[in-house]
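Student: Before we look at the model, could you take me through the reasoning behind the labels attached to it, setting each value against its cut-off?

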Amino acid sequence: MKNKLANYLSLFASSGTIICCALPALLVSIGAGATLSSLFSIFPQLVVISIYKAQIFIGAFTMLVISGVLQYRAKNMPCPIDEKKANACAKAKKLSLIIYFTSVGFFITGLTFAYLIPSLM
């Protein structure tokens, strides 16, 4: 249960990096500045989120580390002997890994757009 909760929290936190940093940078880079300004007028909270991007990235990284440690520990845990429960356990492990690596991908994308690309320009 802890592993599942940590995975969903890491997905939520890393999605925040996409919303605060990657989405605005992507829209500006493809020439959709008007779309970005419309987005900010509809959702003014995005400006506030962008102000705290360092804290968002630190929180997301922390959640990814915790989730990664729990993934590593759960990797070799045995599944029940009952066939139905064993199948459910195997599916849950696979889904958990998918969620974790999706979270890592979101985090890397947000990090790239927020810190790496601007430092290269």
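Student: What is the handedness of the crossing of helix 4 and helix 5?

Tutor: In this predicted model, the crossing of helix 4 and helix 5 is left-handed. The contact is made by residues of both helices, among them Phe57, Phe61 and Leu64 of helix 4 and Tyr100, Phe107 and Tyr115 of helix 5.

Student: Why are helix 4 and helix 5 called roughly antiparallel to each other?

Tutor: Two packed helices are described by the angle between their axes and the distance between the axes. Helix 4 and helix 5 pack at an angle of about 155°, with their axes 10 Å apart. Angles over 145 degrees count as roughly antiparallel, and helix 4 and helix 5 are therefore given that description.

Student: How many aromatic pairs does the structure hold, and what makes the pair of Phe61 and Phe107 tilted?

Tutor: The structure holds 4 aromatic pairs. The ring centres of Phe61 and Phe107 are 6.1 Å apart, and a pair requires centres within 6.5 Å, so the two rings qualify. Their planes stand at 35°, which is neither under 30 degrees, as stacking would require, nor over 60, as edge-to-face would require, so the pair is tilted. The pair links distant parts of the chain, with Phe61 in helix 4 (residues 53-75) and Phe107 in helix 5 (residues 83-120), 46 residues apart.

Student: How do you know whether Phe61 and Phe107 are buried or exposed?

Tutor: Phe61 has a relative accessibility of 49%, and since exposed means over 50% and buried under 20%, Phe61 counts as partly exposed. Phe107, at 11% relative accessibility, falls under the 20% limit and therefore counts as buried.

Student: What makes the pair of Tyr100 and Phe101 edge-to-face?

Tutor: Tyr100 and Phe101 form an aromatic pair with 5.3 Å centre to centre and 65° between the planes. Planes over 60 degrees apart count as edge-to-face, so this pair receives that label. Tyr100 is buried, with a relative accessible area of 15%, whereas Phe101, at 53% relative accessibility, counts as exposed.

Student: Which rings are linked into a cluster, and how do you know that the charged end of Lys53 sits over the ring of Tyr115?

Tutor: Ring pairs link Phe57, Phe61, Phe107 and Tyr115 into a cluster. As for Lys53, its charged end lies 4.9 Å from the centre of the Tyr115 ring and is described as sitting over that ring; the distance part of the criterion is within 6 Å of the ring centre.

Student: Why is Tyr52 called partly exposed, and where is its place?

Tutor: At 46% relative accessibility, Tyr52 is neither under 20% nor over 50%, and therefore counts as partly exposed. Its place is in the loop between helix 3 (45-51) and helix 4. The C-alpha atoms of Tyr52 and Phe40, 12 residues apart along the chain, are separated by 16 Å.

Student: How do you know that Lys94 counts as exposed, and what makes Ala86 partly exposed?

Tutor: Lys94 lies in helix 5, and its relative accessibility of 58% is over the 50% limit, so Lys94 counts as exposed. Ala86 also lies in helix 5, and with a relative accessible area of 21% it is not under the 20% required for burial, so Ala86 is partly exposed. Leaving aside neighbours within four places in sequence, Ala86 is in contact with Cys79 and Pro80.

Key
Residues numbered from 1 in each chain as written. Predicted model: local features only at pLDDT ≥ 70, side-chain atom pairs only at ≥ 80, totals over all residues. Heavy atoms only, no water. Phe/Tyr/Trp six-rings, centres within 6.5 Å; stacked < 30°, edge-to-face > 60°. Helix = DSSP H or I, 4+ residues; strand = E, 2+ residues; numbered from the N terminus. Buried < 20%, exposed > 50% of the residue type's maximum accessible area, 1.4 Å probe, protein only. Lys NZ or Arg CZ within 6 Å of the ring centre and 35° of its normal. Axes fitted to C-alpha atoms, helices over the stretch in contact; angles between N-to-C directions. Parallel < 35°, antiparallel > 145°, perpendicular 65-115°, else oblique. Left-handed = near helix turned anticlockwise from the far one by under 90°. Contact = heavy atoms within 4.5 Å.
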